[in-house]
Amino acid sequence: MYQPFSKKYKFYKAKPYLQGKDQLTYKQPYLVICSSLKDSMCLKSMGYNIEVIAPDSENTMIKPHIIEHLKKKYKKVITLFDNDEAGKNAVYKYANTYKIHGCVPTICKDISDAMVEIGFDKLHAMLKPLLKETLNK
(Lines give C-alpha, C1' and ligand atoms only; values in the text may rest on other atoms or scores of the structure.)
Protein backbone atom coordinates (compact mmCIF):
# COMPACT_ATOMS: atom_id res chain seq x y z
CA MET A 1 0.00 0.00 0.00
CA TYR A 2 1.25 3.46 -0.85
CA GLN A 3 0.79 6.12 1.81
CA PRO A 4 2.15 9.35 0.29
CA PHE A 5 1.49 11.50 3.36
CA SER A 6 3.21 9.20 5.85
CA LYS A 7 6.73 10.37 6.68
CA LYS A 8 7.78 7.09 8.27
CA TYR A 9 5.99 4.40 6.22
CA LYS A 10 5.34 5.53 2.63
CA PHE A 11 5.03 1.92 1.51
CA TYR A 12 3.38 -0.73 3.62
CA LYS A 13 3.51 -4.36 2.64
CA ALA A 14 0.52 -6.33 3.90
CA LYS A 15 2.11 -9.70 3.16
CA PRO A 16 5.19 -11.00 1.33
CA TYR A 17 4.79 -11.44 -2.41
CA LEU A 18 7.29 -12.34 -5.12
CA GLN A 19 6.16 -10.93 -8.46
CA GLY A 20 5.80 -13.65 -11.08
CA LYS A 21 6.10 -16.58 -8.66
CA ASP A 22 2.45 -17.57 -9.04
CA GLN A 23 2.89 -17.70 -12.83
CA LEU A 24 5.87 -20.10 -12.77
CA THR A 25 5.17 -23.36 -14.60
CA TYR A 26 8.62 -24.91 -14.06
CA LYS A 27 8.57 -26.02 -17.71
CA GLN A 28 11.51 -23.88 -18.87
CA PRO A 29 15.12 -24.78 -18.04
CA TYR A 30 16.13 -21.35 -16.72
CA LEU A 31 14.87 -18.79 -14.23
CA VAL A 32 15.85 -15.12 -14.33
CA ILE A 33 15.44 -12.92 -11.27
CA CYS A 34 15.11 -9.38 -12.60
CA SER A 35 14.56 -5.85 -11.34
CA SER A 36 10.85 -5.31 -11.83
CA LEU A 37 7.60 -6.74 -13.08
CA LYS A 38 7.81 -4.60 -16.22
CA ASP A 39 11.31 -5.93 -16.97
CA SER A 40 10.09 -9.48 -16.47
CA MET A 41 7.21 -8.92 -18.90
CA CYS A 42 9.65 -7.57 -21.50
CA LEU A 43 11.93 -10.57 -21.08
CA LYS A 44 9.04 -13.01 -21.40
CA SER A 45 7.80 -11.26 -24.55
CA MET A 46 11.21 -11.75 -26.19
CA GLY A 47 10.69 -15.51 -26.53
CA TYR A 48 13.64 -16.80 -24.50
CA ASN A 49 13.31 -20.25 -22.91
CA ILE A 50 13.16 -18.72 -19.44
CA GLU A 51 10.76 -17.97 -16.66
CA VAL A 52 11.06 -14.73 -14.73
CA ILE A 53 10.39 -13.41 -11.24
CA ALA A 54 11.03 -10.03 -9.62
CA PRO A 55 11.41 -9.10 -5.96
CA ASP A 56 9.85 -5.85 -4.74
CA SER A 57 13.13 -4.08 -5.43
CA GLU A 58 16.76 -4.84 -6.13
CA ASN A 59 17.44 -4.12 -2.47
CA THR A 60 15.07 -6.92 -1.39
CA MET A 61 16.74 -10.32 -1.12
CA ILE A 62 14.52 -13.31 -1.82
CA LYS A 63 14.29 -15.61 1.21
CA PRO A 64 16.80 -18.50 1.29
CA HIS A 65 14.15 -21.25 1.40
CA ILE A 66 12.55 -19.87 -1.78
CA ILE A 67 15.90 -19.67 -3.57
CA GLU A 68 16.75 -23.26 -2.61
CA HIS A 69 13.37 -24.45 -3.89
CA LEU A 70 13.84 -22.59 -7.19
CA LYS A 71 17.39 -23.92 -7.66
CA LYS A 72 15.99 -27.46 -7.46
CA LYS A 73 13.33 -26.73 -10.09
CA TYR A 74 15.56 -25.11 -12.75
CA LYS A 75 18.71 -26.09 -14.57
CA LYS A 76 20.09 -22.64 -13.72
CA VAL A 77 18.94 -19.52 -11.88
CA ILE A 78 20.54 -16.16 -12.75
CA THR A 79 19.95 -12.48 -12.02
CA LEU A 80 19.49 -9.60 -14.45
CA PHE A 81 19.27 -6.29 -12.66
CA ASP A 82 19.46 -2.64 -13.77
CA ASN A 83 22.75 -1.12 -14.86
CA ASP A 84 23.06 1.25 -11.92
CA GLU A 85 24.63 1.12 -8.46
CA ALA A 86 21.64 -0.67 -6.87
CA GLY A 87 21.52 -3.26 -9.67
CA LYS A 88 25.25 -3.98 -9.58
CA ASN A 89 25.12 -4.30 -5.78
CA ALA A 90 22.21 -6.74 -6.08
CA VAL A 91 24.10 -8.90 -8.61
CA TYR A 92 27.01 -9.00 -6.17
CA LYS A 93 24.77 -9.85 -3.17
CA TYR A 94 23.01 -12.72 -4.96
CA ALA A 95 26.35 -14.09 -6.17
CA ASN A 96 27.88 -14.00 -2.70
CA THR A 97 24.81 -15.08 -0.76
CA TYR A 98 23.33 -17.73 -3.06
CA LYS A 99 26.08 -18.47 -5.62
CA ILE A 100 23.75 -17.20 -8.37
CA HIS A 101 25.56 -15.55 -11.28
CA GLY A 102 24.16 -12.35 -12.66
CA CYS A 103 24.53 -9.56 -15.16
CA VAL A 104 23.40 -6.04 -15.99
CA PRO A 105 22.48 -4.69 -19.44
CA THR A 106 25.43 -3.21 -21.29
CA ILE A 107 23.80 -0.59 -23.55
CA CYS A 108 21.00 0.60 -21.30
CA LYS A 109 20.05 1.00 -17.66
CA ASP A 110 16.72 -0.80 -17.67
CA ILE A 111 15.28 -3.55 -19.90
CA SER A 112 11.75 -2.18 -20.19
CA ASP A 113 12.91 1.38 -20.89
CA ALA A 114 15.36 0.05 -23.49
CA MET A 115 12.57 -1.76 -25.30
CA VAL A 116 10.95 1.64 -25.88
CA GLU A 117 14.14 3.64 -26.43
CA ILE A 118 16.25 1.33 -28.64
CA GLY A 119 13.68 -1.23 -29.78
CA PHE A 120 13.36 -4.99 -29.76
CA ASP A 121 16.11 -5.79 -32.30
CA LYS A 122 18.91 -3.84 -30.61
CA LEU A 123 17.83 -4.98 -27.15
CA HIS A 124 17.69 -8.61 -28.28
CA ALA A 125 21.13 -8.30 -29.94
CA MET A 126 22.58 -7.13 -26.61
CA LEU A 127 20.63 -9.46 -24.31
CA LYS A 128 20.96 -12.80 -26.10
CA PRO A 129 24.77 -13.13 -25.76
CA LEU A 130 24.71 -11.56 -22.29
CA LEU A 131 22.18 -14.09 -21.00
CA LYS A 132 24.00 -16.96 -22.71
CA GLU A 133 27.32 -15.94 -21.16
CA THR A 134 25.76 -15.65 -17.70
CA LEU A 135 24.00 -19.01 -18.00
CA ASN A 136 27.29 -20.66 -18.96
CA LYS A 137 29.21 -19.43 -15.88
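## A walk through the predicted fold

Lys99 has a relative accessibility of 65% and therefore counts as exposed, since the cut-off for that class is over 50%. This residue is a convenient place to enter the structure, which is a predicted model. Lys99 lies in the loop that links helix H3 (85-98) to strand E4 (102-103), and its phi angle is near 60°, a positive value in a residue other than glycine.

Another residue with this kind of backbone angle is Tyr26, whose phi is positive at about 60° although Tyr26 is not a glycine. Tyr26 belongs to the segment before strand E1, and because its relative accessibility is 29%, Tyr26 counts as partly exposed, a class that covers values between the limits of 20% and 50%.

From these two positions one can step back to the whole protein chain, which contains five helices and four strands. Read along the sequence, these elements follow one another in the pattern β-α-β-α-β-α-β-α-α. The C-alpha trace spans about 45 × 35 × 25 Å along its principal axes, and the radius of gyration is 15 Å, which agrees with the value near 14 Å that a compact globule would have with 137 residues. Buried residues make up 42% of the 137 residues in the protein chain. Among the contacts between residues at least 6 apart in sequence, 58% join residues that are at least 24 apart.

The four strands form an open sheet in the order E2-E1-E3-E4, and the pairing is parallel. Its edge strands are E2 and E4, each of which pairs on one side only. Strand E1 (residues 30-34) pairs with E2 in the parallel sense over four bridges, and within this pairing Tyr30 has Ile50 in E2 as its bridge partner. E1 also pairs with strand E3 (residues 76-80), again in the parallel sense, over five bridges, and here the bridge partner of Leu31 is Val77 in E3.

Which way do the side chains of strand E2 (residues 50-53) point? In a regular strand, the side chains alternate between the two faces of the sheet. In E2, Ile50 and Val52 point one way, whereas Glu51 and Ile53 point the other way, and all of these residues are buried. Ile50, the bridge partner of Tyr30, is thus also one of the buried residues of this edge strand.

A buried position is also found among the helices, where Ser112 sits in helix H4 (residues 111-117). Ser112 counts as buried because its relative accessibility is 9%, and the limit for that class is under 20%. When its neighbours within four places in sequence are left aside, Ser112 is in contact with Lys38, Asp39 and Cys42.

The outside of the protein chain can be described by its area and its charges. The protein chain exposes about 8,400 Å², and carbon and sulfur atoms supply 56% of this area. The protein chain carries 23 positive and 14 negative side chains, and the centres of these two sets lie 7 Å apart.

Note on methods
Residues are numbered from 1 along each chain as its sequence is written. This is a predicted model: local features need pLDDT of at least 70, side-chain atom pairs count only at pLDDT 80 or more; totals for chains, interfaces and linings use all residues. Side-chain values use heavy atoms; hydrogens and water are left out. The radius of gyration is taken over C-alpha atoms; the globule rule is 2.2 Å times the number of residues to the power 0.38. Buried means under 20% relative accessible area, exposed over 50%, partly exposed in between (1.4 Å probe, protein chains only). Contact means heavy atoms within 4.5 Å. Accessible areas come from the Shrake-Rupley method with a 1.4 Å probe; for residues, only the protein chains shown count as cover. Lys and Arg count as positive and Asp and Glu as negative; His and the chain ends are not counted. The place of a charge is taken as NZ of Lys, CZ of Arg, CG of Asp or CD of Glu. Two strands pair if DSSP finds at least two bridges between them.
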